[in-house]
Amino acid sequence: MRSFALHLMRHGEPVLPGRMLGRTDCAATPAGIAACVAQARRLAESGQEIAHRIASDLRRARECLDVLGGGAIDPRWRELDFGEWDGRYARELDQDALARFWDDPDAFPPPGGETWSALAARVGKALEAVSPEPTLVVTHGGPMRAALHLLCGFGREQVWAFDLPYAAVVSLRVWESSPRRAQVTGLLPCVA
């Protein structure tokens, strides 16, 4: 069965760190962009060729893609919409509501926000649209976890076992099946 490499890179550190950044459209820091460039260099040095590059339409991902040479913009790779919580620090939120959300993001989504299932459905459509050639996607932590859930069969709780700091890369071998399935082939933690 034919397969292709898919590399999911979390965008560089945003200028608003530590906040619930979903639809909030802020820039990445220069150091965050440099970390993404270093990760792309590490992929290239390990022999990984990239035929296609894609990014979320949010600025913190788009800016990283631009520095990496540009590519396609796909809003389906956006972060989960945190609704009324978007742009706020977790410590500012109702802690009981936040705990319910982390325990069951489908039953208790952020007020006015998106459910985990809606994020997964959106990312699933984005994954179907990826050309079966070596691809780098600059995205966010939520969509990366949704992709791992969809492609590798990890449960919603299991995907939180992956530490995905800014500029981290998860590499996958994706098989051309219906639905697509994958195997994790590498994890590049962020470059300090």
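Two residues are in contact when heavy atoms of theirs lie within 4.5 Å. That meaning of contact is used throughout this account of the chain, which is a predicted model.

A good place to apply it is Leu-172. Leaving out residues up to four places away in sequence, Leu-172 touches Phe-4, Ala-5, Leu-6, Leu-8, Leu-148, Leu-151, Cys-152, Ala-182, Gln-183, Val-184 and Thr-185. Leu-172 also belongs to the largest nonpolar core, which has 33 residues. Within this core, the residues with the most contacts are Leu-6, Leu-8, Trp-77, Trp-85 and Leu-172. Five elements give two or more residues each to the core: the strands β1 (3-10) and β5 (169-175), and the helices α3 (95-103), α4 (116-129) and α5 (141-152). Helix α4 supplies the largest share, six residues. A second core, separate from this one, has 16 residues, among them Cys-36, Ala-55, Val-138 and Leu-188.

These cores sit within the following overall layout. The chain has five helices and six strands. From start to end of the sequence, the order of these elements is β-α-β-α-β-α-α-β-α-β-β. The C-alpha trace spans about 45 × 40 × 25 Å along its principal axes. A compact globule of 192 residues would have a radius of gyration near 16 Å, and the chain agrees with this because its own value is 16 Å. Of the 192 residues, 46% are buried. Contacts can also be sorted by the sequence distance they bridge: of those between residues at least 6 apart in sequence, 70% join residues at least 24 apart.

The surface can be described in similar terms. About 8,900 Å² of the chain is exposed, and carbon and sulfur atoms supply 51% of that area. The chain carries 22 positive and 24 negative charges, and the mean positions of the two sets are 3 Å apart.

Some single residues fill in the picture, beginning with helix α1. Ile-33 has its place in this helix, which covers residues 30-45. Is Ile-33 buried or exposed? Its relative accessible area is 16%, and buried means under 20%, so Ile-33 is buried. Beyond residues up to four places away in sequence, Ile-33 touches Ala-28, Glu-63, Cys-64 and Val-67. Ile-33 and Cys-64 are 31 residues apart along the chain, while their C-alpha atoms are separated by 5.3 Å.

The loop between β1 and α1 holds Pro-17. This proline is partly exposed, with a relative accessible area of 35%. From Pro-17 to Tyr-89 the separation is 72 residues in sequence and 9.1 Å in space, C-alpha to C-alpha.

Two features of the backbone stand out against a general background. Most residues other than glycine have a negative phi, and most peptide bonds are trans. Ala-167, a residue other than glycine, has a positive phi, near 75 degrees. It is found in the loop between α5 and β5. Ala-167 counts as buried, at 1% relative accessibility. Its contacts, not counting residues up to four places away in sequence, are Met-9, Arg-10, His-11, Ala-35, Cys-36, Gln-39, Leu-188 and Cys-190. Of these, Cys-36 and Leu-188 are included in the second core. Ala-167 and Arg-41 are 126 residues apart in sequence and 12 Å apart in space, C-alpha to C-alpha.

The other backbone feature is the peptide bond from Ser-178 to Pro-179, which is cis, with omega near 0 degrees. Pro-179 is in the loop between β5 and β6 (181-188).

Glu-176 is found in the loop between β5 and β6 as well. With a relative accessible area of 33%, Glu-176 is partly exposed. Which residues does Glu-176 contact, leaving aside its neighbours within four places in sequence? They are Met-1, Arg-2, Phe-4 and Pro-132. Phe-4 is also one of the residues that Leu-172 touches. The C-alpha atoms of Glu-176 and Ser-3 are 5.8 Å apart in space, although the two residues are 173 apart in sequence.

How values were computed: Residues are numbered from 1 along each chain as its sequence is written. This is a predicted model: local features need pLDDT of at least 70, side-chain atom pairs count only at pLDDT 80 or more; totals for chains, interfaces and linings use all residues. Side-chain values use heavy atoms; hydrogens and water are left out. Helices (H or I, at least four residues) and strands (E, at least two) are DSSP runs, numbered from the N terminus. The radius of gyration is taken over C-alpha atoms; the globule rule is 2.2 Å times the number of residues to the power 0.38. Buried means under 20% relative accessible area, exposed over 50%, partly exposed in between (1.4 Å probe, protein chains only). Accessible areas come from the Shrake-Rupley method with a 1.4 Å probe; for residues, only the protein chains shown count as cover. Lys and Arg count as positive and Asp and Glu as negative; His and the chain ends are not counted. The place of a charge is taken as NZ of Lys, CZ of Arg, CG of Asp or CD of Glu. A nonpolar core is a set of buried Ala, Val, Leu, Ile, Met, Phe, Trp, Tyr and Cys residues joined through side-chain atoms within 4.5 Å.
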